[in-house]
Amino acid sequence: MKVLVPVKRVIDYNVKVRVKADGSGVDLANVKMSMNPFDEIAVEEAIRLKEAGKADEVIAVSIGVKQAQETLRTALAMGADRAILVVAAEDVHTDIEPLAVAKILAKVVEEEQPGIVLAGKQAIDNDMNATGQMLSALLGWSQGTFASELDIDGDTAKVTREVDGGLQTISVKMPAIVTVDLRLNEPRYASLPNIMKAKKKPMAEKTAADYGVDTTPRLEVVSTSEPAARAAGIMVGSVDELVEKLKEAGAV
Amino acid sequence: MAVLLLAEVTDGALALDATAKAVTAAAALGDVTVLAAGASAAAAGAEAAKIAGVSRVLVAEDPSLGHRLAEPTAALIVSLAGDYEHIVAPATTDAKNVLPRVAALLDVMVISDVTAVVDGSTFERPIYAGNAIQTVKSSDTKKVISFRTATFDAAGDGGSATVETIGAAENPGLSEWVEDKVAASDRPELTSAGVVVSGGRGVGSEEDFKLIEGLADKLGAAVGASRAAVDSGYAPNDWQVGQTGKVVAPDLYIAIGISGAIQHLAGMKDSKVIVAINKDEEAPIFQVADFGLVADLFTAVPELSEKLG
Ligand SMILES: Cc1cc2nc3c(=O)[nH]c(=O)nc-3n(C[C@H](O)[C@H](O)[C@H](O)COP(=O)(O)OP(=O)(O)OC[C@H]3O[C@@H](n4cnc5c(N)ncnc54)[C@H](O)[C@@H]3O)c2cc1C
Ligand SMILES: Cc1cc2nc3c(=O)[nH]c(=O)nc-3n(C[C@H](O)[C@H](O)[C@H](O)COP(=O)(O)OP(=O)(O)OC[C@H]3O[C@@H](n4cnc5c(N)ncnc54)[C@H](O)[C@@H]3O)c2cc1C
């Protein structure tokens, strides 16, 4: 079975984002970019499936600017076997919407015929939480979202999902799309020898046009602004003072 | 313009708060029809009919809709979509599971976690863990939207919508429910509680998390946790507050032994009053706190519990 893992290049989660003064978006020039943290977990899970003998090939795919090849190299260094880069934008500030990403991924799935797609539950830049579900709709496949446990057994997979009420376990028919949550596993670091080896692993380069997908956005970004700042607070010296302040503020 | 709103129904019961908040947001878009779907949903539908601002309720009862599996629920919504320009829901994990599937089947984008309605096609939503607010304008003929409940007030009662029963769509039969693990609790629900007391890694153990729970019970509060506390096994996953957990905006949020990473702040910084207790005076949580106390939580929390009692 092949495993397909879509990985997104996003601003590193430790970077404090800055909104551009003209309100046109977030400043992404010269900031540290990394693999979306959820996607690292998806790559890790795919590699573990291979190590457990349940998968024989792990393919990472990224859609975006050319620089996304760095993200794919990271996936290869972690242990993915090969990568597909789909160039769909030239400017680092162009983001491709989940619907368009899902349409491209659907074509990649058609070509590669994976038994499972492991995606992140959300990308930490746009927090849309949509791509996996959309892909599964386009393919008519089953979906297991927000997975904190995954157990593949032949034609079905058991997926334990993190939901508002706690945990829900469902059984999905394979092939399936599974989107991963933070507690599924702890991703490994790529070792230096593996980083060197990754440079020799195959990376195919395509464009959105190769797949005949129109990536014109459906949502126009009208403006981007800073959230309202909170008024500065005060430090209190003791529990007594805290209780007094809370009573004054009518909070207790 | 007509709006179809997917009510939050769990095991036959309506999540009134989440649904009523979404009704407030949806009412700005047009005439609101609520869809109550489930293995049993009639009672939930009857309750939704009383929410002010709801004009019609559709009740769909079918075993396939029992556990809000994405595929049959999405199929049902798509079968109804023709009559509506907006298809909306509160931004719960159920809705986030279902709505993007609906949107893709309709060939439109989904707009997640909307915090404000500018007009029928223009919406505000937070991005980058709430560090920026984006205004987006949709060019799609249908808009599929989830509303972040923390930013809307719940619609009141006094409505008297008509209730109709409808059938389910064909179940694609792609997935089956196995089990739920839900801890029963007498505490208020995290996303609708007036007071939330949260503990972080600083609490140190599941055992000591009882301190947090004790203070919460004194205040009639819900209990929250940081990701680090959940990952370490001190607290269950459904208590996690933050970018990838729940977003809360209570009147009072007390953060104990939590450093204040942006991913945590994303879930609580719109709370009215924020209290932080941390032994490190440099902890970033103090930057968003209205009242900060530099103290060891193991002495401060018992004292606070006692003095608030
Ligand atoms: C700077 C900036 C500029 C923008 N400009 C525009 C604009 O001009 N027009 C516009 O309409 N919208 C724009 N947007 C908004 C944007 O298009 C969507 O809101 C965004 O794509 C939401 O999805 P997400 O990335 O959060 O995906 P999610 O659905 O949250 O991602 C979930 C998972 O899907 C997979 N995935 C997602 N994207 C990719 C990818 N590219 N490659 C591989 N795997 C992927 C990953 O596994 C990921 O973990 C912009 C956003 C930003 C931040
Ligand atoms: C993709 C992604 C998504 C994430 N989503 C979330 C999310 O949704 N929610 C979330 O919370 N985090 C999230 N995180 C994790 C986040 O980055 C932080 O790691 C996490 O919030 C830290 O939790 P913490 O504050 O409890 O722990 P720490 O950062 O370790 O802080 C513990 C604090 O306790 C204090 N302390 C220790 N002992 C005591 C004592 N005796 N008395 C008083 N104070 C004490 C310390 O001074 C310290 O400030 C996410 C991370 C990533 C990468």
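In this predicted model, an oxygen atom of ligand 1 comes to 2.8 Å from a polar backbone atom of A:Ala130. Two further backbone contacts belong to the same ligand: an oxygen atom of ligand 1 is 3.0 Å from a polar backbone atom of A:Ile96, and an oxygen atom of ligand 1 is likewise 3.0 Å from a polar backbone atom of A:Met128. Taken alone, ligand 1 exposes 980 Å², of which the protein buries 93%. The surroundings of ligand 1 comprise 31 residues, and the closest of them are A:Lys8, A:Asp39, A:Ile63, A:Asp95 and A:Leu219. Although these closest residues carry the letter of chain A, ligand 1 lies between chains A and B.

Turning to the other ligand, ligand 2 also has its place between chains A and B. Around ligand 2 there are 30 residues, with B:Arg201, B:Ser226, B:Thr244, B:Ser259 and B:Asn278 coming nearest. Side chains of chain B supply the polar contacts described here for ligand 2. An N or O atom in the side chain of B:Ser226 is 2.6 Å from an oxygen atom of ligand 2, while for the side chain of B:Arg201 the distance from such an atom to a ligand 2 oxygen is 2.7 Å. The side chain of B:Gln240 also takes part, with an N or O atom 2.9 Å from an oxygen atom of ligand 2. On its own, ligand 2 has 990 Å² of accessible area, and the protein covers 86% of it. As for the site itself, ligand 2 sits in the second largest pocket.

Enclosed space was examined next. Rolling a probe the size of a water molecule over the atoms shows where empty space is left. A search of the whole structure returns two cavities of 30 Å³ or more.

The largest cavity holds about 70 Å³ of space. Chain A contributes A:Ile11, A:Asp12, A:Tyr13, A:Val15, A:Val17 and A:Ile124 to the lining of this cavity, and chain B contributes B:Tyr128, B:Ala129, B:Asn131, B:Gln243, B:Ile262 and B:Gln263. Sorted by class, that lining has eight nonpolar residues, three polar residues and one charged residue. Where does the largest cavity lie with respect to domain 1 and domain 2 of chain B? Domain 1 (2-166) and domain 2 (190-307) of chain B both give residues to the lining, so the largest cavity lies between them.

The second largest cavity has a volume of about 50 Å³. Its lining is made up of A:Glu97, A:Leu99, A:Ala100, A:Lys103, A:Asp214, A:Thr215, A:Thr216, A:Pro217 and A:Arg218. Here the classes divide into four charged, three nonpolar and two polar residues.

Terms used
Residues are numbered from 1 along each chain as its sequence is written. Chains are lettered from A and ligands numbered from 1 in the order in which they are written. This is a predicted model: local features need pLDDT of at least 70, side-chain atom pairs count only at pLDDT 80 or more; totals for chains, interfaces and linings use all residues. Side-chain values use heavy atoms; hydrogens and water are left out. On a 1 Å grid over the protein atoms alone, a cavity is a set of points where a 1.4 Å probe fits but cannot get out, and a pocket is an open set with protein on both sides within 12 Å along at least five of seven lines; lining residues have an atom within 4 Å of a point. Grid points are joined across faces, edges and corners, and a volume is the space filled by probe spheres set on the points. Ala, Val, Leu, Ile, Met, Phe, Trp, Tyr, Cys and Pro count as nonpolar, Asp, Glu, Lys and Arg as charged, and the others, Gly among them, as polar. Domain bounds come from an automatic or database domain assignment. A residue is near a molecule or strand if one of its heavy atoms lies within 4 Å of it. A polar contact is a pair of N or O atoms within 3.5 Å; within protein, one must be able to donate a hydrogen and the other to accept it, and residues adjacent in sequence count only if both atoms are side-chain atoms. Accessible areas come from the Shrake-Rupley method with a 1.4 Å probe; for residues, only the protein chains shown count as cover. A molecule sits in a cavity or pocket if more than half of its atoms lie within 2 Å of its grid points.
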